[in-house]
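Student: Could you take me slowly through one part of this structure, namely the way its helices pack against each other, and then set that part in its wider surroundings?

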Amino acid sequence: MIDLSTLTTERRNLATTNLDQMSVHEALTKMNQEDKGVAGAVALALPQIEKVATATIAAFNKGGRLIYMGAGTSGRLGVLDAAECVPTFGVPASQVVGLIAGGDKAMTLAVEGAEDSLSLGKQDLIDLALSENDIVIGIAASGRTPYVIGGLDYAKSVGATTASLSCNPNAEISQHAALPIEVDCGPEFLTGSTRLKSGTAQKLILNMISTIAMIGIGKVYHNLMVDVKPTNKKLVERSKRIIMQATDCPYELAEVTFYEADQDVKLAIVMILTGSNAEEGRKKLVKANGFVGKTLS
């Protein structure tokens with residue numbers, strides 16, 4: 001029998017034991033009060049998060065990938081963060097990967113038993129041809145998911161960097177990762193529903209890791225998303241605004257340069273800031289390893 005009695009995420013929340021008696025207003029107010037504590041709990045884990053973000057930058061600089069893996073809500077959050085990196089930072093879908101126990105079907109439907117398999121996590125990483133240049137972050141609110149543990153052990157065996165993210169102190173998965181993150185948000189608003197405070201904490205931390213890592217490899221200039229992919233009309237206009245904000249140029253020049261750069265926002269910025277044509281701008285970016293700021297020195 002699995003003992004869940006020691007897990008914070010499984011304890012009853014004494015502040016919400018009369019949840020079914022609350023009015024809608026009372027329940028919403030209490031839920032909001034509970035959620036306010038999440039950011040503070042994440043703040044306590046910043047030293048551990050920093051280590052993982054730094055290791056992710058190092059993996060990217062070696063040509064490696066960021067691979068999230070988890071089950072249920074934890075897995076879905078990893079898949080979501082990976083998917084968002086493509087349009088936001090212009091990286092290929094293969095650079096940030098989200099794995100969920102049970103595969104794509106598990107994004108919308110529970111796949112019975114998948115998270116309990118140690119071998120399934122390993123197999124998913126084998127199928128990705130995991131290498132020593134990659135970083136694998138195992139995500140499990142409970143901190144005990146066998147799918148994640150099996151994956152982390154395999155990742156360690158091939159020399160990949162391993163990290164974990166759990167929402168319970170002294171989590172089992174922490175023993176299987178070189179860089180563990182543990183965040184304690186207290187008992188859930190609705191007993192055992194880890195998609196709530198735990199899920200919020202996990203999303204905050206994944207946002208931190210992926211965003212800071214992308215800054216670390218030149219995907220941001222000042223605080224602008226210079227590698228954004230203009231995949232729809234809104235993003236086309238946002239791209240032109242980014243060029244204007246980065247260069248302090250008028251809309252007309254931003255638009256002309258945007259198309260001269262073949263809709264490459266970063267290249268258009270470098271062209272304007274350095275007075276270069278597209279070919280010269282590309283050479284400057286290659287020499288600067290993709291950092292806009294370094295093309296100016």
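Tutor: What follows goes through the helix pairs one by one and then turns to the domains. This is a predicted model, in which local features need pLDDT of at least 70 and side-chain atom pairs count only at pLDDT 80 or more, while totals for chains, interfaces and linings use all residues. Residues are numbered from 1 along each chain as its sequence is written, and side-chain values use heavy atoms, with hydrogens and water left out.

Two packed helices are described by the angle between their axes and the distance between the axes. Here the axes are lines fitted to C-alpha atoms, for helices over the stretch in contact, and the angles run from 0 to 180 degrees between N-to-C directions. Helices are DSSP runs (H or I, at least four residues), numbered from the N terminus.

Let us begin with helix α1 (residues 24–44) and helix α6 (residues 197–216), whose axes lie 9 Å apart and which pack at an angle of about 40 degrees. The two are therefore oblique to each other, given that angles under 35 degrees count as roughly parallel, over 145 as roughly antiparallel, 65 to 115 as roughly perpendicular and the rest as oblique. The crossing of α1 and α6 is right-handed; a crossing has that hand if the near helix is turned clockwise from the far one by less than a right angle, and is left-handed if anticlockwise. On the α1 side, E34, D35, V38, A39 and V42 meet K197, T200, A201, L204, I205 and M208 in α6, where contact means heavy atoms within 4.5 Å. Sorted by class, this contact of α1 with α6 has 7 nonpolar, 1 polar and 3 charged residues. In this sorting, Ala, Val, Leu, Ile, Met, Phe, Trp, Tyr, Cys and Pro count as nonpolar, Asp, Glu, Lys and Arg as charged, and the others, Gly among them, as polar.

Next come helix α4 (residues 118–127) and helix α5 (residues 146–157), with axes that come within 6 Å and cross at roughly 50 degrees. That angle makes α4 oblique to α5, and α4 passes α5 in a right-handed crossing. Among the residues that make the contact are L118, G121 and L125 of α4 and P146, G150 and Y154 of α5. By class, the contact of α4 with α5 has 9 nonpolar, 3 polar and 2 charged residues.

The pair of helix α8 (residues 251–260) and helix α9 (residues 265–274) has axes that come within 8 Å and cross at roughly 120 degrees. These helices, α8 and α9, are therefore oblique to each other, and their crossing is right-handed. L253, T257, F258 and E260 of α8 make the contact with V265, A268, M271 and I272 of α9.

As for the wider surroundings, the chain is divided into domain 1 (6–214) and domain 2 (219–292), with bounds that come from an automatic or database domain assignment. The centres of the two domains, taken over C-alpha atoms, are separated by 34 Å, and 7 residues of domain 1 are in contact with 6 residues of domain 2.
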